[in-house]
Amino acid sequence: RRALEADLGVKLFSRTKTGLVLNNAGRDYLAEIGASFDLLYDATRRVKGPLREHRLVVECLISFANDFIIPRLASFYHEHPDIELEFRTMRRARAKLDLAQTGAHVAINGGNVAGQWPGLNAERLAYEVFFPVCSPKVQAGNDPLRTPSDLMRHTLLVVTGAPEGWREWIEAAQEAGEDLSNLPLANALRFDSFHSASIAAAHGIGVDLGRAPLVNHMLTSGVLVEPFNIRVRSTASYWLLYSDSVADMQAFVVFRDWLMRELEDAGALP
C-alpha cells in the first residue's frame, strides 16, 4: 500500500476506527483499473485452463440476450453441456466496440451496416421488425383491437431512446389506409428497455410495439398476441461481431451454428 501511494504521489486510503478504507481518490483509481484486473484474470484463465477452447464470453445487447437467447438457452446446454458461455450485457447499441478491453470473444450488437465496426467480422443475424402486441386478456376484453383505429382507446407503451418505433408504424398504417393522425403518443407509458415494455404488455398494462425476433417466443407461447397484420422492418439489424482470431475457436463455432439454427427456426434470418 505505502509503496503504491509513494509511487503515485497520492493517498489512496484513510484510517478509521475500524481500519483502513479507500478514500475518494482510491475509489476512483480502483474504478479505473478494475477492468484491467478482470482482463488479466480472464487471460490467465484462458492460458491455464485446459478447457479454454470450451469457454466463450459474449458481449450482448441486453434486449437480445434476455428476449432471444436466454429463453432458448436450455436447448444449447442440452446439446453442448461441455461449452461454458458467459454473457456480459450492454443496455444500448454502440457503434464502437473494444473486445480486447471488455474481455469478450464476440459481441452481438445493433447497427445499420457492417462497416460500423472496423477490424471485426460482422455477420447480420436478423433485421428488427416491429408491430403492436398485447395481452390475450386485453384482446378478449370489452374493447378488443379489431382495427388500428381501436388503439385510440388503449394505453400505448413506448421505449425511450429507440431510434424507430410508433411513429414509423403509424406512417405504415396510414399508408395502408388507416387514420391514426390523433393517436395519443404523448400519453403513452414509457420504459427504458424493450424487455420491460413487452413484460408490461404481457401483464395487460397496455399495447406495446413488439420487436421481432425478440418477442417471437412470447407470441409462440401465447403470452402476447398480434392484433393486426401491419409490420415494419427496421433499418437496423442485429449483428454478430468477432475477430479473425476467434473464428476457429470450438466454442465460437458451436455457439454461432446454434444461434443461426435458432434464428432460422424463428423465421428471423435475413
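Two strands count as paired if DSSP finds at least two bridges between them, and strand 7 and strand 9 get there with 2 bridges, in the parallel sense. That pair belongs to an open sheet of 8 strands with mixed pairing, and the sheet is a good place to start with this predicted model. In total the chain has 10 helices and 10 strands. Below is a quick tour, from the overall dimensions down to single residues.

**Overall dimensions**

- The radius of gyration of the chain is 23 Å, while a compact globule of 270 residues would sit near 18 Å.
- Along the principal axes, the C-alpha atoms fill a box of roughly 75 × 50 × 35 Å.
- Buried residues make up 43% of the 270 in the chain.
- If you take the contacts with a separation of 6 or more, 75% of them come from residues 24 or more positions apart.

**The sheet**

- Reading across the open sheet, the strand order is 4-3-5-10-6-9-7-8.
- Strand 4 (84-90) and strand 8 (189-191) are the edge strands, each pairing on one side only.
- From one strand to the next, the twist averages 30°.
- Strand 6 (residues 121-133) and strand 10 (residues 232-242) run antiparallel and are joined by 8 bridges; in this pair, Asn 121 stands opposite Tyr 242 of strand 10.
- Strand 6 also runs antiparallel to strand 9, with 5 bridges between them, and here Pro 132 is set opposite Leu 209 of strand 9.
- In the parallel pairing of strand 7 with strand 9, Leu 156 faces Val 207 of strand 9.

**Strand 9 and the cis peptide**

- How much of strand 9 is covered? Strand 9 is mostly covered, with 6 of its 6 residues buried.
- Val 207, Leu 209 and Arg 211 point one way from the strand, Asp 208, Gly 210 and Ala 212 point the other way, and all are buried.
- Ala 212 is linked to Pro 213 by a cis peptide bond, with omega at about 10°.
- Pro 213 itself is in the loop that runs between strand 9 and helix 9 (216-221).

**Helices on the sheet**

- Helix 7 (residues 166-175) packs on the sheet and touches strand 6, strand 7 (156-159), strand 9 (207-212) and strand 10.
- The direction of helix 7 makes about 65° with that of strand 6.
- Helix 8 lies across strand 6, strand 7, strand 8, strand 9 and strand 10, and the angle of helix 8 to strand 7 is about 165°.

**Helix 3 against helix 8**

- Two packed helices are described by the angle between their axes and the distance between the axes.
- For helix 3 (residues 62-69) and helix 8 (residues 194-202), the angle is about 40° and the axes are 8 Å apart.
- Helix 3 and helix 8 are therefore oblique to each other.
- Which residues in helix 3 meet helix 8? Ser 63, Asn 66 and Asp 67 in helix 3 meet Phe 194, His 195 and Ser 198 in helix 8.
- Sorted by class, this contact of helix 3 with helix 8 has 1 nonpolar, 4 polar and 1 charged residues.
- Helix 3 is mostly covered, with 6 of its 8 residues buried.
- The buried residues in helix 3 are Ser 63, Phe 64, Ala 65, Asp 67, Phe 68 and Ile 69.
- Ser 63 and Asp 67 thus turn up twice, both as buried residues and as residues that meet helix 8.

**The hairpin**

- Strand 1 (residues 13-16) and strand 2 (residues 19-22) run antiparallel, joined by 4 bridges.
- The hairpin linking strand 1 to strand 2 goes through 2 residues.
- Phe 13 is placed opposite Leu 22 in strand 2.

**A look at Arg 256**

- Arg 256 is located in helix 10 (residues 250-265).
- Is Arg 256 buried or partly exposed? Buried means under 20% relative accessible area, and Arg 256 has 25%, so Arg 256 counts as partly exposed.
- Setting aside neighbours within four places in sequence, Arg 256 is in contact with Glu 123 and Leu 240.
- Arg 256 and Leu 240 are 16 residues apart along the chain, and their C-alpha atoms are separated by 8.6 Å.

Note on methods. Residues numbered from 1 in each chain as written. Predicted model: local features only at pLDDT ≥ 70, side-chain atom pairs only at ≥ 80, totals over all residues. Heavy atoms only, no water. Axes fitted to C-alpha atoms, helices over the stretch in contact; angles between N-to-C directions. Parallel < 35°, antiparallel > 145°, perpendicular 65-115°, else oblique. Contact = heavy atoms within 4.5 Å. Nonpolar A, V, L, I, M, F, W, Y, C, P; charged D, E, K, R; others polar. Rg over C-alpha atoms; globule rule 2.2 N^0.38 Å. Buried < 20%, exposed > 50% of the residue type's maximum accessible area, 1.4 Å probe, protein only.
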